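Got a minute to walk through a protein model together? Have a look at it first, and then we'll chat it through.

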Amino acid sequence: FQVRVVLKYRHCDGNLCIKVTDDVACLLYRTDQAQDVKKIEKFHSQLMRLMVAKESRSATMETD
């Protein structure tokens, strides 16, 4: 199962765009609202934390 996440911010427009795709389905969300930007940043940081935690668990399982 592979998923790509792209986070783009355009300072000139003040737009933040998050794109999530697995090559079958593509989800895209754009906003210029500060409230939404904070939610997306929080979601993205949680996602990265979970991905790192999963990698460290699988590496531990492989060495055991």
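Here come some questions and answers about this model.

Q: What kind of model is this, and how are its residues numbered?
A: It's a predicted model, where local features need pLDDT of at least 70, side-chain atom pairs count only at pLDDT 80 or more, and totals for chains, interfaces and linings use all residues. Side-chain values use heavy atoms, with hydrogens and water left out, and residues are numbered from 1 along each chain as its sequence is written.

Q: In what order do the 3 strands of the open sheet lie?
A: Strands here are DSSP runs of E with at least two residues, helices are runs of H or I with at least four, and both are numbered from the N terminus. Two strands pair if DSSP finds at least two bridges between them. The edge strands, each pairing on one side only, are β1 (4-10) and β3 (26-31). With antiparallel pairing, the order is β1-β2-β3.

Q: Over how many bridges do β1 and β2 pair?
A: One bridge partnership links valine 6 with lysine 19 in β2. The two strands run in the antiparallel sense, and the count for β1 and β2 is 7 bridges.

Q: Which residue in β3 stands opposite cysteine 17?
A: Strand β2 covers residues 15-21, and it pairs with β3 in the antiparallel sense over 6 bridges. Across from cysteine 17 in β3 you'll find arginine 30.

Q: Which residue takes a positive phi in the hairpin of β1 and β2?
A: There are 4 residues between the strands of that hairpin. The loop between β1 and β2 is home to glycine 14. The phi there is positive, near 75°, and the residue is glycine 14.

Q: How far apart are the C-alpha atoms of glycine 14 and alanine 34?
A: Leaving aside neighbours within four places in sequence, glycine 14 is in contact (heavy atoms within 4.5 Å) with Tyr9, Thr31 and Asp32. As for alanine 34, it sits 20 residues from glycine 14 along the chain, and the C-alpha separation is 9.1 Å.

Q: Is threonine 31 buried or exposed?
A: Threonine 31 is found in strand β3. Buried means under 20% relative accessible area, exposed over 50%, and partly exposed in between, using a 1.4 Å probe and protein chains only. Threonine 31 has 7% relative accessibility, so it counts as buried.

Q: Which side chain makes a polar contact with the side chain of threonine 31?
A: A polar contact is a pair of N or O atoms within 3.5 Å; within protein, one must be able to donate a hydrogen and the other to accept it, and residues adjacent in sequence count only if both atoms are side-chain atoms. The threonine 31 side chain also reaches the backbone nitrogen of glutamine 33 at 3.1 Å. Its side-chain partner, at 3.1 Å, is aspartate 36.

Q: Why is there no bond between the sulfurs of cysteine 17 and cysteine 26?
A: A disulfide is a covalent bond between the sulfur atoms of two cysteines. Here it has to be a pair of cysteine sulfur atoms within 2.5 Å, and the structure holds 0 disulfides. Cysteine 26 is the closest cysteine to cysteine 17 by sulfur, but the bond is ruled out because the two sulfurs are too far apart, at 8.9 Å.

Q: Which term fits cysteine 26: buried, partly exposed or exposed?
A: Cysteine 17 counts as buried, at 13% relative accessibility. Cysteine 26 has a relative accessible area of 47%, so the term for it is partly exposed.
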